[in-house]
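Hi,

Here is the structure I promised to pass on to you. Have a look at it first, and then read on for my notes.

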Amino acid sequence: MAEKHYFACANSAKGFQNMFDLNLQGLKKIFILKGGPGTGKSTLMKKVGKIYADKDYDVEYIHCSSDPDSLDGVIVRELSVGIVDGTAPHVIEPKTAGAIEEYVNLGTAWDIELLENKTDEIQAVQKQISECYPKAYETFAAALKIHDEWEHIYIENMDFEKADKLTERVCDTLLGDCEKQDGGVTRHRFFGGSTPNGAMDYVVNITENCKKRYFIKGRPGSGKSTMLKKILRKAEDLGLEVEVYHCGFDPNSLDMILIPKLEWCIFDSTAPHEYEPSREGDSVIDMYAELIKPNTDEQYEQKLNAIKKRYKETVATGTSYLKKAKELHDVLEQYYIAATDYSIIEKTTSDVVERIAEREKRGR
């Protein structure tokens with residue numbers, strides 16, 4: 001049994017990013033939860049996840065990037081079943097309504113009259129929340145431009161011929177003995193991202209079953225993502241099942257490639273997700289030592305320090321908007337918690353659990 005934790009959505013420098021569909025592909029039954037904040041969506045998913053984790057099934061927990069303690073989804077692939085939060089901002093529309101996707105409306109547990117009496121207050125809080133996210137994304141976009149300045153220094157001092165040769169060697173080490181096959185699936189997701197509490201990740205959890213872990217060290221612009229993209233293309237050409245983890249701050253960049261069948265992963269192990277080798281099978285690929293002109297850090301130290309300072313301050317400002325949105329969301333939840341009959345939620349939860357148990361008995 002293994003539990004895997006990750007994000008399928010991100011609050012990024014490119015705005016809100018949603019990769020839900022890429023992780024739900026192939027499931028035969030998807031329960032789409034509808035209902036306001038505080039109506040038990042995450043609790044329902046956690047309950048189902050625990051039931052099947054306790055039964056030694058592999059369970060995937062998709063966390064909410066705006067509140068990592070809450071779930072956006074839970075998947076039990078052995079049963080081909082998923083349960084997802086289908087409310088904004090990750091609205092999920094059925095593609096095969098009824099046959100695969102099915103709505104579960106937790107709004108039936110509301111005291112509508114009580115909510116109607118709080119309309120003005122609810123709308124006021126919703127308006128404040130809606131103003132926070134664009135400010136966060138705009139600020140993160142500004143931070144990304146500063147990061148580009150940071151990258152430029154190392155790009156100007158990188159040996160691209162050596163970079164190509166290093167990538168070829170790494171690809172050969174990882175995939176040189178693989179034979180081409182059919183039916184490989186690529187799943188795109190995030191192992192971490194920007195949250196109201198700052199940057200966080202699930203690297204330790206995601207990589208715990210990998211017998212070989214390759215830690216890419218380096219600096220911004222030293223070719224880490226480019227290497228990962230080339231490895232991805234080769235893995236896909238070979239028809240392998242691939243887990244691709246994008247950067248939660250800049251989704252156009254990759255942070256990790258993981259091949260479950262081959263039991264290895266290779267990932268960007270620099271801040272804010274900096275890890276060091278800690279067990280047998282871990283190794284380091286140092287892009288700075290291999291590719292960047294010696295003493296670049298020292299030569300540009302003053303300029304780099306100024307860039308880092310501006311970058312950290314700008315990211316912190318963006319994070320403050322996410323924190324404010326979370327605080328307001330907690331206020332909004334209280335209106336719905338007060339208006340929710342949780343005995344109805346418990347009945348709905350039991351119904352979903354029973355439906356999944358029936359599929360389990362049928363071997364589906």
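**Notes on the loops, strands and pocket**

Let me start with a proline: Pro89 sits in the loop that runs between strand 7 (81-85) and strand 8 (101-105). Please keep in mind that this is a predicted model. The bond leading into this proline caught my eye, as Ala88 and Pro89 are joined by a cis peptide bond with an omega of about 10 degrees. A cis peptide bond also joins Ala271 and Pro272, where omega is about 10 degrees. You will find Pro272 in the loop between strand 15 (264-268) and strand 16 (282-286).

**The chain as a whole**

Stepping back, the protein chain folds into 11 helices and 16 strands. Its radius of gyration is 22 Å, close to the 21 Å that the globule rule gives for 364 residues, so the chain is as compact as a globular protein of that length. If you lay a box along the principal axes, the C-alpha atoms fill roughly 70 × 50 × 35 Å. Of the 364 residues, 52% count as buried.

**Two residues with positive phi**

Asp56 is not a glycine, yet it has a positive phi of about 70 degrees. Its place is the loop between helix 2 (41-54) and strand 5 (59-64). With a relative accessibility of 54%, Asp56 counts as exposed.

Ser80, also not a glycine, has a positive phi of about 60 degrees. This serine lies in the loop between strand 6 (67-76) and strand 7. Is Ser80 buried or exposed? Ser80 is buried, and its relative accessible area is 10%.

**Cysteines**

You may want to know how many disulfides the structure holds, and the count is 0. As a reminder, a disulfide is a covalent bond between the sulfur atoms of two cysteines. Why does Cys210 not form one with Cys265? The sulfur of Cys265 is the closest cysteine sulfur to that of Cys210, but at 3.9 Å it is too far for a bond, because a disulfide needs the two sulfur atoms within 2.5 Å. Cys210 counts as buried, at 6% relative accessibility.

Cys9 is in a similar position. Its closest cysteine sulfur is in Cys64, 8.0 Å from its own, which is too far for a bond. Cys9 is buried, with a relative accessible area of 2%.

**Strands**

Strand 10 (residues 192-195) and strand 11 (residues 198-201) run antiparallel and are joined by 4 bridges. Together, strand 10 and strand 11 make a hairpin that has 2 residues between them. Within this pairing, Gly193 stands opposite Met200 of strand 11.

Strand 12 (residues 212-217) is mostly covered, as 5 of its 6 residues are buried. What does strand 12 pair with? Strand 15 is one partner, in the parallel sense over 5 bridges, and strand 16 is another, in the parallel sense over 5 bridges. Tyr214 is a handy residue to click on here: it stands opposite Ile266 in strand 15 and opposite Ser283 in strand 16.

Phe7 belongs to strand 1 (residues 3-7) and is buried, at 1% relative accessibility. Phe7 and Asn209 are 202 residues apart along the chain, and 18 Å separates their C-alpha atoms.

**The second largest pocket**

The second largest pocket has a volume of about 880 Å³. Which residues are the closest to its centre? Of the 38 residues that line this pocket, they are Pro37, Asp85, Thr87, Ala88 and His329. Ala88 is already familiar from above, as the residue joined to Pro89 by a cis peptide bond.

Helix 2, strand 6, helix 4 (119-155) and helix 10 (301-338) each give at least two residues to the lining of the second largest pocket. Helix 10 supplies the largest share of that lining, with 6 residues. By class, the lining has 15 nonpolar, 15 polar and 8 charged residues.

Happy browsing, and all the best!

Note on methods:
Residues are numbered from 1 along each chain as its sequence is written. This is a predicted model: local features need pLDDT of at least 70, side-chain atom pairs count only at pLDDT 80 or more; totals for chains, interfaces and linings use all residues. Side-chain values use heavy atoms; hydrogens and water are left out. Buried means under 20% relative accessible area, exposed over 50%, partly exposed in between (1.4 Å probe, protein chains only). Two strands pair if DSSP finds at least two bridges between them. On a 1 Å grid over the protein atoms alone, a cavity is a set of points where a 1.4 Å probe fits but cannot get out, and a pocket is an open set with protein on both sides within 12 Å along at least five of seven lines; lining residues have an atom within 4 Å of a point. Grid points are joined across faces, edges and corners, and a volume is the space filled by probe spheres set on the points. Ala, Val, Leu, Ile, Met, Phe, Trp, Tyr, Cys and Pro count as nonpolar, Asp, Glu, Lys and Arg as charged, and the others, Gly among them, as polar. The radius of gyration is taken over C-alpha atoms; the globule rule is 2.2 Å times the number of residues to the power 0.38.
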